[in-house]
Amino acid sequence: MRVIGLISGTSMDGVDAAVADLELRDGELELHPLGSISVPYEKKLREDLGAALPPGTTTAEVVCHLDNEIGHAFANAAKRALDELAAGAADLVVSHGQTLFHQVEGNKVLGTLQIGQPAWIAEVTGLPVVADLRTRDIAVGGQGAPLAAMFDVLLLAGSERPTAALNIGGISNLTVVSPGLEAVGFDIGPGNALIDAAVSHVTGGAEGFDRNGLMAGRGQVHPALLEHLLADPYYRLSPPKTTGKELFHLSYLLRALEKVGDVSPDDLVATVTALTALTIAEACQTYEVREVIASGGGTSNLVLMEMLANQLQGVDISPIDDLGIPSGAKEAYFFALIGFLTVHQLPGNVPSVTGAARPVMLG
């Protein structure tokens, strides 16, 4: 079966699309990646999305508008993937959509909202669409995340030592596979979310992220600010746990700055970069991880990856590219996998990771 996977992550910068041929053969699931593309959102759409997120307010009219505009953006990406990567032939589209809100109280998730009306995708491509992928896991007591765990568990099933699949998107998440033990996974905390927020703030919106970690590399970590950020109660919660930009956003960072006084732009970016590295390292150390397979946009931040390597000395860190999956396209490929499982009436969640009461089909 040829499947197109679509995702826009918590960085909210556009739609990633990947095409894969998937087949169940002799009890093993084979995935053959055929290629991926990334289609940026238009500037106005990114701004409208940002304005609708907490701590901002919104209306039903705005949410309806965004649902359709994101749907059109996903439909455009799906059609491009169909034409450019799949030679015009595919069987299924799987759309994660764009997370607008993840309703969390402590360790419990009450609901989640992914927008991007799938009817537009179906109409433009002429293909069936699997969508609304997280809610079923929540309905059976799960967190609805991280859904990448199914992909990670299958990918790392042969590991002979504790191995972590790390994704550094807007939020960083981890799946740990250890011989003889159930998989463990959770959202660690802000991956790029606070880095991007800091860069946008100090540059007046001229830059949206720290390209190659240049700002962090020029700065010095501010000890008082880092200590304050590390004191957030989220880090002390036990898995399963999930989070998002409803917690880690610019206003959150500005409130922290009010507690510690002036911090230079480069020092601010260096500090939130260190926060991401330290929280990832602590998560890996807790589960005695000996190898990390890294993916996501954060892997392009050279300073972040250097900080992480310094914290995890003796741990092998390599990109998922070495296993044949482009780092920036991993999420699109794993949603293609989940959709494939759904249409074959197979569960797509990993209860030991999400906290769900049982395995369920997703979408």
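The following is a conversation about a predicted model of one protein.

Q: How many helices and strands does the protein have?
A: The predicted model contains 13 helices and 11 strands.

Q: What is the radius of gyration, and what would a compact globule have?
A: The protein has a radius of gyration of 19 Å. A compact globule with 363 residues would have one near 21 Å, so the value agrees with that expectation.

Q: What does the C-alpha trace span along its principal axes?
A: The spans are about 55 × 50 × 35 Å.

Q: And what share of the residues counts as buried?
A: Of the 363 residues, 51% count as buried. The accessible surface of the protein comes to about 15,400 Å², and carbon and sulfur atoms account for 52% of that surface.

Q: Among contacts between residues at least 6 apart in sequence, what percentage joins residues at least 24 apart?
A: For the protein, that figure is 69%.

Q: Turning to charge, how many positive and negative charges are there?
A: There are 21 positive and 42 negative charges, and their mean positions are 3 Å apart.

Q: How many salt bridges does a search of the whole structure find?
A: The search finds 11 salt bridges. As general background, side chains of opposite charge can pair when their charged atoms come close.

Q: Which residue pairs with arginine 2?
A: Arginine 2 forms a salt bridge with aspartate 21, and the closest N and O atoms are 2.7 Å apart. Arginine 2 belongs to strand E1 (residues 2-8) and aspartate 21 to strand E2, so the pair ties together parts that are 19 residues apart in sequence.

Q: What are the relative accessible areas of arginine 2 and aspartate 21?
A: Arginine 2 has 24% and is partly exposed. Aspartate 21 is also partly exposed, with 22%.

Q: Where do glutamate 47 and lysine 43 lie?
A: Both residues are in helix H1 (residues 43-52), 4 residues apart, which is about one turn of the helix. They form a salt bridge in which the closest N and O atoms are 2.4 Å apart. Lysine 43 counts as exposed at 54% relative accessibility, while glutamate 47 counts as partly exposed at 40%.

Q: Which residues are joined into one network by salt bridges that share partners?
A: Glu23, Arg25 and Glu30 are joined in that way. Within this network, the side chains of glutamate 23 and arginine 25 meet at 2.9 Å, N to O. Glutamate 23 is partly exposed, with a relative accessible area of 37%, and arginine 25 is partly exposed, with 38%.

Q: Changing topic to the backbone, which peptide bonds are cis?
A: One cis bond joins alanine 145 and proline 146, with omega about -10°. Another runs from proline 239 to proline 240, with omega near 0°. In general, most peptide bonds are trans.

Q: Where do proline 146 and proline 240 sit?
A: Proline 146 is in the loop between helix H4 (135-139) and helix H5 (149-155). Proline 240 is in the loop between helix H8 (223-230) and helix H9 (250-260).

Q: Which residues have a positive phi without being glycine?
A: Aspartate 26 is one of them, with phi about 55°, and glutamine 345 is another, with phi about 60°. Most residues other than glycine have a negative phi.

Q: Is aspartate 26 buried or exposed?
A: Aspartate 26 counts as exposed, at 77% relative accessibility. This residue lies in the loop between strand E2 (14-25) and strand E3 (28-40).

Q: And glutamine 345, buried or exposed?
A: Glutamine 345 counts as exposed, at 64% relative accessibility. Its loop is between helix H12 (330-343) and helix H13 (351-354).

Q: Last topic, helix H6: how many of its residues are buried?
A: Of the 10 residues of helix H6 (residues 193-202), 7 are buried, so the helix is largely enclosed by the rest of the structure. The buried residues are Ala193, Leu194, Ile195, Asp196, Ala197, Ala198 and Val199.

Q: What covers the buried residues of H6?
A: The cover includes strand E9 (184-190), helix H7 (214-218), H9 and helix H10 (265-286).

Q: Which glycine follows H6?
A: Glycine 204 follows H6, and its phi is positive, near 65°.

Conventions: Residues are numbered from 1 along each chain as its sequence is written. This is a predicted model: local features need pLDDT of at least 70, side-chain atom pairs count only at pLDDT 80 or more; totals for chains, interfaces and linings use all residues. Side-chain values use heavy atoms; hydrogens and water are left out. Helices (H or I, at least four residues) and strands (E, at least two) are DSSP runs, numbered from the N terminus. The radius of gyration is taken over C-alpha atoms; the globule rule is 2.2 Å times the number of residues to the power 0.38. Buried means under 20% relative accessible area, exposed over 50%, partly exposed in between (1.4 Å probe, protein chains only). Contact means heavy atoms within 4.5 Å. Accessible areas come from the Shrake-Rupley method with a 1.4 Å probe; for residues, only the protein chains shown count as cover. Lys and Arg count as positive and Asp and Glu as negative; His and the chain ends are not counted. The place of a charge is taken as NZ of Lys, CZ of Arg, CG of Asp or CD of Glu. A salt bridge is a side-chain nitrogen of Lys or Arg within 4 Å of a carboxyl oxygen of Asp or Glu.
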